[in-house]
Amino acid sequence: MSAWKRIVSVLLSLIVLSGFAYPAQKHDRTFYEKTGEIIWEVPQQEKKIALTFDDGPSEETTGQILDLLKEYHAKATFFVVGNRVMEYPDMVKRELSEGHEIGNHTFSHYYLRNSTKSLTFQNEILNTEKVLVELTGMKPHLFRPPGGYYNEQMVHDTKKLGYTTILWSWHQDTNDWRRPGVRSISKKVITNARNGDIVLLHDYVPGSNQTVKALKVILPELTKEGFQFVTVSELISSKQEEGARNQIPLY
Ligand SMILES: [Zn+2]
């Protein structure tokens, strides 16, 4: 091979390699479930379900939800928005003191777009993290992207920042933010309930108390059916413990 050909060949491979540094294509769910970088649900033998509440905190609804969770000895995960945490810091303190988990949902409920710059999105996460660390002394480890939008870059960045991306069970998307009616929300969750589900709800839907009313039906019914409501982290560790147990030889 002539020197020129070698140079051209090296240049070509550099171009190809740099193109693959952040592959443009979006992997599918199977890929990410294998790598564990995104979690939709955590199927398991235990009758455990994770309720998640996005977009809060809010002045009224969050408090009402916390009251109900306490009544049914239920734990949940709140994916909070940084600028709302600044507005209602006491609500976040209450969530933590009552045994719930806090996850990061960006600072301004920022929707990821193809044109979004990596640094812009990282700052959305880091700004919420800063507010939470200052308020609670704890760094969150779970991240939920607004609207559930993700791409390769985002998954790479969130992992680098120490987060696992959490979405939700597709059969547990209640659409409560659209205010579909109390019955629609409660029926969706109760009818579809399976071990290891991650349920998508919102504790901030302007002008709506449908989520609160639906919880008054969901919590007693699923408790009666033997389900336990746990945080997302507990749902994950419950599955890990199950895996460890199953590897123990019987004899
Ligand atoms: Zn949201």
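Y149 is partly exposed, with a relative accessible area of 45%. On this scale, buried means under 20% relative accessible area, exposed means over 50%, and partly exposed is what lies in between, using a 1.4 Å probe and protein chains only. The model is predicted: local features need pLDDT of at least 70 and side-chain atom pairs pLDDT 80 or more, while totals for chains, interfaces and linings use all residues. Residues are numbered from 1 along each chain as its sequence is written, and side-chain values use heavy atoms, with hydrogens and water left out.

Y149 sits in the loop between β5 (142–143) and α7 (152–160). Its C-alpha atom is separated by 7.9 Å from that of R113, a residue 36 positions away along the chain.

**The chain as a whole**

Ten helices and eight strands would be a fair way to start a sketch: the secondary structure comes to 10 helices and eight strands. These are DSSP runs numbered from the N terminus, with helices (H or I) of at least four residues and strands (E) of at least two. The C-alpha trace spans about 80 × 55 × 35 Å along its principal axes. Of the 251 residues in the chain, 47% are buried.

**The zinc site**

Which protein atoms are donors of the zinc ion? They are D55 (OD), H105 (NE2) and H109 (NE2), at 2.0 to 2.1 Å from the ion. Donors here are N, O and S atoms within 2.8 Å of the metal (3.2 Å for Na, K and Ca), and water is not among the atoms, so sites may look incomplete. The spacing of the donor residues in sequence is D-x49-H-x3-H. The two histidines can be told apart by accessibility: H105 is buried at 2% relative accessible area, whereas H109 counts as partly exposed at 21%.

**The largest pocket**

D55 and H109 turn up again in the largest pocket, where they are among the residues nearest its centre, along with Y111, G147 and H202. The lining has 22 residues, and the space inside is about 390 Å³. Two elements give two or more residues to this lining, α4 (82–87) and β7 (198–202). By type, the lining divides into nine nonpolar, eight polar and five charged residues. Here Ala, Val, Leu, Ile, Met, Phe, Trp, Tyr, Cys and Pro count as nonpolar, Asp, Glu, Lys and Arg as charged, and the others, Gly among them, as polar.

For the geometry, the search runs on a 1 Å grid over the protein atoms alone; a pocket is an open set of points with protein on both sides within 12 Å along at least five of seven lines, and lining residues have an atom within 4 Å of a point. Grid points are joined across faces, edges and corners, and the volume is the space filled by probe spheres set on the points.

**Strands with both faces covered**

Five of the five residues of β7 are buried, so this strand is largely enclosed by the rest of the structure. On one side are I198, L200 and H202, and on the other V199 and L201. In a regular strand the side chains alternate between the two faces of the sheet. Strand β4 (residues 101–104) is also covered on both faces, with E101 and G103 buried on one side and I102 and N104 on the other.

The table lists how these strands pair, a pair needing at least two DSSP bridges.

| Strands | Bridges | Direction | Residues opposite |
|---|---|---|---|
| β2 (residues 48–54) and β7 | Five | parallel | F53 and L201 |
| β3 (residues 76–80) and β4 | Four | parallel | F78 and I102 |

Just before β4, H100 lies in the loop between α5 (89–97) and β4. H100 is buried at 6% relative accessibility. A polar atom of its side chain lies 3.0 Å from the backbone nitrogen of A76.

**Backbone details to check**

A cis peptide bond joins G56 and P57, with omega about 0 degrees. P57 belongs to the loop between β2 and α3 (61–71).

Two residues other than glycine have a positive phi: T106, near 70 degrees, and N175, near 60 degrees. T106 is in the loop between β4 and α6 (118–136) and is buried, at 0% relative accessible area. N175 is in the loop between β6 (164–166) and α8 (182–192) and is partly exposed, at 26%.

How values were computed: On a 1 Å grid over the protein atoms alone, a cavity is a set of points where a 1.4 Å probe fits but cannot get out, and a pocket is an open set with protein on both sides within 12 Å along at least five of seven lines; lining residues have an atom within 4 Å of a point. A polar contact is a pair of N or O atoms within 3.5 Å; within protein, one must be able to donate a hydrogen and the other to accept it, and residues adjacent in sequence count only if both atoms are side-chain atoms.
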